[in-house]
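The following exchange concerns a predicted model of a protein chain. Each question is to be settled from the structure shown below.

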Amino acid sequence: MVAKFLTLECIRGESFGHLSPRPHYPSMPKYPKGVSETEKDVKGSEAKAVYSVIGMTCAACAGSVEKAVKRLPGIREAVVDVLNNRVQVMFYTSFVNEETIRETIEDVGFQATLMPDEANEKSTQVCQIRINGMTCTSCSTTVESALQALQGVQKAQVALATEEAQVHYDPKIINYNQLLEAIEDTGFEAILISTGEDMSKIQLKVDGVCTDHSMRLIENSLRALPGVQDIDIDPTLNKFSLSYKSNVTGPRNFINVIESTGSRCYKATIFPEGGRAIHKKEEVKQYYRSFLWSLVFTIPVFLTSMVFMYIPGLKHGLDTKVINMLSVGEILRWVLSTPVQFIIGRRFYTGSYKALRHGSANMDVLIALGTNAAYFYSVYSVLRAATSEDFKSTDFFETSTMLISFILLGKYLEVLAKGKTSDAIAKLMDLAPETAILLTLDKEGNIISEQEIDGRLIQKDDVIKILPGAKVASDGFVIWGQSHVNESMITGEARPVAKRKGDTVIGGTVNENGVLHIKATRVGSESALSQIVQLVESAQMAKAPVQKLADHISKYFVPLVIILSFSTWLAWFLAGKFNGYPKSWIPTSMDGFQLALQFGISVMVIACPCALGLATPTAVMVGTGVGASQGVLIKGGQALESAHKVDCIVFDKTGTLTVGKPVVVSTRLLKNMVLQEFYELIAAAEVNSEHPLAKAIVEYAKKFREDGESPTWPEARDFVSITGHGVKAIVRNKEIIVGNKSLMLDQNIAIPADAEDMLAETEAMAQTGILISIDGELTGVLAISDPLKPGAHDVISILKSMKVKSIMVTGDNWGTANSIAKEVGIETVIAGAKPEQKAEEVKNLQASGHTVAMVGDGINDSPALVAANVGMAIGAGTDIAIEAADIVLMKSNLEDVITAIDLSRKTFSRIRLNYIWALGYNLLGIPIAAGALFPSTGFRLPPWIAGAAMAASSVSVVCCSLLLKYYKRPEKLNALEMQGVMVENRF
């Protein structure tokens, strides 16, 4: 199953109209969403860039960045992720470049850095193709011209001597299957060697380098290594960033070359990893330090204004006049509050200036206005007291200092809580072992030596020793030993899986009871673990459509709050001026202006756009993380949002409702023929197909061969795979057709009555009948049985209780499909469906008002997976199905369909709760802060309490989302799993 995750991508392909009969290479979309055919020539190739942006604090910050970036020409999409301080931009390279976008973000007032790991997913890929049949320069020129004429191909070079082509192309416009088709259309055979996607990257720190000459010397030595694609050097950090082909070379080779260069005075190590986790920790520390420093000044201000005034001796000292009516207490509060306002609170001034400079307003604007109003009114009051003999000053220094302190505390708690929303990724990354035991073998396979190395230095084809209790260091396969491996941390499968020679293992899983020697096949960014981490990271960045509500509100929120704040102050001030309320309402220490000012400041600081902005992304982050830990990979907020609305599920049969490991149960020959020869002919044709039924036939045919496990089948020429029907080929100069009844009728092959009876009998037993034609005559009928998955009936029953309708759409015959459907309890069955008919059926259901999920595992399910509102791919399925899907069920268990829907419903109920709280808080808090309760109850919300409430609202939303971490599957599924264990133990 490991290999199935190596092509996982968050952005799913849209065009599956030209599916190749070879499922090894997943199809890519012809052109990006939102770009019509007529726009392609104008806009040129599309690229993606991801930036790390430091300084964003709320949805308003995100809005200002998004607004600025979208103003640039050539921007297709800009997604701002405040939680992870990232911005992802899709743009057209003929209009704008990465550097211009980065400068634009910095102009808004935030520090932006292009992220190399993700941003270097260049818009150009290089693939290599072997071309058979070229004999002269004219042949190579013809092929080269055909490739150059394709839209999306930037450069094509065809070498006659090596019979290979190297093509630079834009994968967003054209895919390598189309390149292969173009070559084959010119009359030559094309075989894909590599797609350009298999490049690995590593960063090395080199100590001992002191001159430019040393740098160049090391660079030249590294470039001389085969497999090294690109080298980027940062002289200030002595850092070498290398891109290389992991199947040719690896990091240990680089370190050996560096350390043996020149006078052997250089020392190379893997560059210490930074990234998001380091930034999060630094941000937490920064807010914590700021909060502590603000407390140092705020506590004395609070004591002098709120506590000491009620202690007779201290009150007398603080009330001592210095100049005219200016007292010692007022000077102390002024002195102590000034550093908090202008040094500790500097971040709010900076943020406000940057936002306002670009015509937007964020949380910082509200804080700066509120604290400045309190601080500068207090300064005015103190200065007037110093210059007057009868003016009694009333200051609000404690309001500004306590406001800033509470807001910093809230930000500290918020950042701390937000860090926990990505715990799932951190846990996944921690699964990779730090060290590994590398074995050196001689030609006979005997162990020469053992060496403990850094886990990141493992290279492809290394032999690694895994001790009992140790983590598997890399994806690979067992070459010696047997054991049980706990794969629950990757697949969610609770029971340990038996491993012996030839079995695959996944990096990060735990070896339980035996010693294993494994050969590494996928390392670094190619490993299943890395692919899953990348998918979850991409999913967490993708916006859910419901987020648009918060984005829309945040555009108008801050200006509206400022207007409400000013209106509140003006209304109370005028009411006091014209005796609109009794003088007894005014507290003894204030006048009408000061009371109005307090109401205005309270409105300003209680309003919180942050809670709205955090409502969706925090829940999506936790939800996708929890899904990954349960073995359900959800590709973003769009998939989560669609899944919670699902009311109809379309199931494929083979490999979805059934185990997907069919076996041949009977063979009936209609002509006199040796059974071994019969199976050799059909196995030679079917060995080129990836369909489960084809694999079953080939596996059964091995029983008739002496060479058993690795037989050599006769050559099959002119092989054609007719998706959903069967295959045909020429084997030993005989035309072999293997497939269903409709294929035989299409090929004008007569089906005798006894064959019809055999098919009916087979289908009545829920088996699949396969017909074989040799040279135009029906020769045999095979019966293939594919048992139902344990608990399939119960899953359909639970879905009914969840008010989700189940439908089965299959390419199999009506009789078999109907028998399976009756067994599981599905009432609606569509049989004999081609891939495009499956997609059409999904569209018909959508047209009738259903939100449709499609669950499948094969190539023929891909169009339907794309057409459905939610595509769910079985993890053991083909790469194309996995790439086309929105949700991947890693354990291949049908129960996980229920888990995915239930988790999405729980996540969206949490999002709704977050929105209700965030909107309700503002709708209730603002009127209370404005004094709505004051006339009837005398209750007045001081600004510093309003500020504390604002800070608490953001924290509460994040904490509400974090409760999703305690998500548990529906109880019915646990009972189902226990039943599955009991059934398994019985046999």
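Q: Between which two strands does the loop with Asp461 lie?
A: The model is a predicted one, and in it Asp461 is placed in a loop rather than in a strand. The strands on its two sides cover residues 447-454 and 463-466. The loop with Asp461 therefore lies between β16 and β17.

Q: Is Asp461 buried, partly exposed or exposed?
A: The relative accessibility of Asp461 is 44%. Buried requires a value under 20% and exposed a value over 50%, so a residue in between belongs to the intermediate class. Asp461 is therefore partly exposed.

Q: What is the phi value of Asp461?
A: Most residues other than glycine have a negative phi. Asp461 is a residue other than glycine, yet its phi is positive. The value is near 75°.

Q: Which loop residue between β28 and β29 has a positive phi, and what is its relative accessible area?
A: The loop between β28 (726-731) and β29 (734-739) contains Asn733. Phi of Asn733 is near 65°, a positive value in a residue other than glycine. Because exposed means over 50% relative accessible area, Asn733 counts as exposed, with a value of 66%.

Q: How many residues lie between the strands in the hairpin of β30 and β31, and which residue there takes a positive phi?
A: Strand β30 (residues 768-774) runs antiparallel to β31, and seven bridges join them. Ile774 has Glu777 of β31 as its bridge partner. The hairpin has two residues between the strands, and the residue with a positive phi, near 55°, is Asp775.

Q: Which residue in β31 stands opposite Thr667?
A: Strand β31 also pairs with β26 (residues 663-669), in the antiparallel sense and over six bridges. Thr667 takes part in this arrangement with a residue of β31 standing opposite. That residue is Leu782.

Q: How many of the nine residues of strand β31 are buried?
A: Strand β31 spans residues 777-785. It is largely enclosed by the rest of the structure, because the count of buried residues in it reaches seven.

Q: Which helix gives the largest share of the largest nonpolar core?
A: The largest nonpolar core has 105 residues, and those with the most contacts inside it include Ile649, Phe651 and Leu799. Its largest share amounts to twelve residues, and these come from helix α32 (residues 895-929).

Q: Which residues does Leu799 touch, not counting residues up to four places away in sequence?
A: Leu799 is among the residues with the most contacts inside the largest nonpolar core. Its contacts include Ile649 and Phe651, which are also listed among the residues with the most contacts in that core. In full, Leu799 touches Ile649, Phe651, Val804, Ser806, Ile898 and Ile901.

Q: How many residues does the second, separate core have?
A: Apart from the largest nonpolar core, a second one is found. Among its members are Ile202, Leu242, Ile466 and Val478. This second core has 36 residues.

Q: Is Thr656 buried or exposed?
A: Thr656 is located in helix α22 (residues 653-657). Beyond its sequence neighbors up to four places away, Thr656 touches residues including Phe651, Lys789, Val855 and Leu894. Because its relative accessibility is 0%, Thr656 is buried.

Q: How many of the ten residues of helix α6 are buried?
A: Helix α6 covers residues 176-185 and is mostly covered. Its buried residues include Tyr176, Leu180 and Ile183. Just after α6, Gly187 takes a positive phi of about 105°. The number of buried residues in α6 is seven.

Q: How far apart in space are Ile191 and Leu180, C-alpha to C-alpha?
A: Ile191 belongs to strand β8 (residues 189-194), while Leu180 is one of the buried residues of α6. Ile191 itself is partly exposed because its relative accessible area is 32%. The two are eleven residues apart in sequence, and their distance in space is 7.3 Å.

Q: What accessible area do the residues of the nonpolar surface patch with Leu570 have together?
A: Leu570 lies in helix α18 (residues 547-577) and, at 32% relative accessibility, counts as partly exposed. The patch is formed by Phe566, Leu570, Leu574 and Phe578. Together they have an accessible area of about 410 Å².

Definitions and conventions. Residues numbered from 1 in each chain as written. Predicted model: local features only at pLDDT ≥ 70, side-chain atom pairs only at ≥ 80, totals over all residues. Heavy atoms only, no water. Helix = DSSP H or I, 4+ residues; strand = E, 2+ residues; numbered from the N terminus. Buried < 20%, exposed > 50% of the residue type's maximum accessible area, 1.4 Å probe, protein only. Contact = heavy atoms within 4.5 Å. Patch = residues over 30% accessible without salt bridge, like charges linked within 9 Å, V, L, I, M, F, W, Y side chains within 5 Å. Areas by Shrake-Rupley, 256 points an atom, 1.4 Å probe, with all protein chains shown as cover. Salt bridge = Lys/Arg side-chain N within 4 Å of Asp/Glu carboxyl O. Pairing = 2+ DSSP bridges. Core = buried A, V, L, I, M, F, W, Y, C linked by side-chain atoms within 4.5 Å.
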